[in-house]
Amino acid sequence: MAKLAVYLATLALILFLANASITSVTVESEENRDSCEQQIRKQAHLKHCQKYMEEELGGEGSDNIAGGYIDSCCQQLEKMDTQCRCQGLRHATMQQMQQMQGQMGSKQMREIMQKVTKKIMSECEMEPGRCDTPSRSLI
């Protein structure tokens, strides 16, 4: 009977610690997400990155204009925590895709945006070196 009581007490302790661990991870994740959202807002929703994406997609501007946007985009990203940069670029990508809705197919646009996002991270030469962009249909 004593062994059963020790076993149950040990099991209860393990469950308690597991629950505390899960709660801690959830709170840290939510705090990180909130922090990133604040940083995205502080960097004006990465408008310069959005302008760069627009130039790259539309091909309307000259390389000098797009080059100016990439420099400003890199500056905005540089002011963000490393772990928030990809979330910021995903936000900018989604904003740009919504603005360009109807100009091309969503699959084609997603593929182009993935290339542009990869190009931004390469041009800016900062961590993380690669970001995944939204893969599901957003528009």
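A residue is called buried when its relative accessible area is under 20%, exposed when that area is over 50%, and partly exposed in between. These terms recur throughout this tour of a predicted model.

**First stop: helix α2**

Select residues 47-58, which form helix α2, and display the side chains of K51 and E54. The two residues are three apart, about one turn of the helix. An α-helix has 3.6 residues a turn, so residues three or four places apart point the same way. K51 and E54 form a salt bridge, with 3.9 Å between the closest N and O atoms. The cut-off for such a pair is 4 Å. Now colour both residues by accessibility. K51 has a relative accessible area of 36% and is therefore partly exposed. E54, at 29%, is likewise partly exposed because its value lies between the two limits.

**Second stop: from α2 to α5**

Keep α2 in view and add E56 and K119. These residues form a salt bridge whose closest N and O atoms are 3.2 Å apart. This pair connects distant parts of the chain, since E56 belongs to helix α2 and K119 to helix α5, 63 residues apart. K119 is partly exposed, with a relative accessibility of 35%. E56 is also partly exposed, at 28%. The count of salt bridges in the model comes to two.

**Third stop: along helix α5**

Select residues 106-124, the 19 residues of helix α5. At 1.5 Å a residue, the helix should span 27 Å, and its end C-alpha atoms are 26 Å apart, which agrees. Next, display M109, R110, M113, V116, T117, I120, M121 and C124, which are buried in α5. They cover an arc of only 135 degrees around the axis, so they lie on the same side of α5.

Rotate the view to the face turned away from this buried side. What does that face of α5 carry? It carries the exposed residues K107, K115, K118 and S122. Finally, move to E125, which follows α5 and has a positive phi, near 50 degrees.

**Last stop: α2 against α4**

Return to α2 and add residues 82-99, which make up helix α4. The two helices pack with their axes 9 Å apart, at an angle of about 50 degrees. That angle makes α2 oblique to α4. Which hand does the crossing of α2 and α4 have, left or right? The crossing is right-handed.

Notes: Residues numbered from 1 in each chain as written. Predicted model: local features only at pLDDT ≥ 70, side-chain atom pairs only at ≥ 80, totals over all residues. Heavy atoms only, no water. Helix = DSSP H or I, 4+ residues; strand = E, 2+ residues; numbered from the N terminus. Expected span 1.5 Å × (residues − 1). Buried < 20%, exposed > 50% of the residue type's maximum accessible area, 1.4 Å probe, protein only. Arc of directions from axis to C-beta. Salt bridge = Lys/Arg side-chain N within 4 Å of Asp/Glu carboxyl O. Axes fitted to C-alpha atoms, helices over the stretch in contact; angles between N-to-C directions. Parallel < 35°, antiparallel > 145°, perpendicular 65-115°, else oblique. Left-handed = near helix turned anticlockwise from the far one by under 90°.
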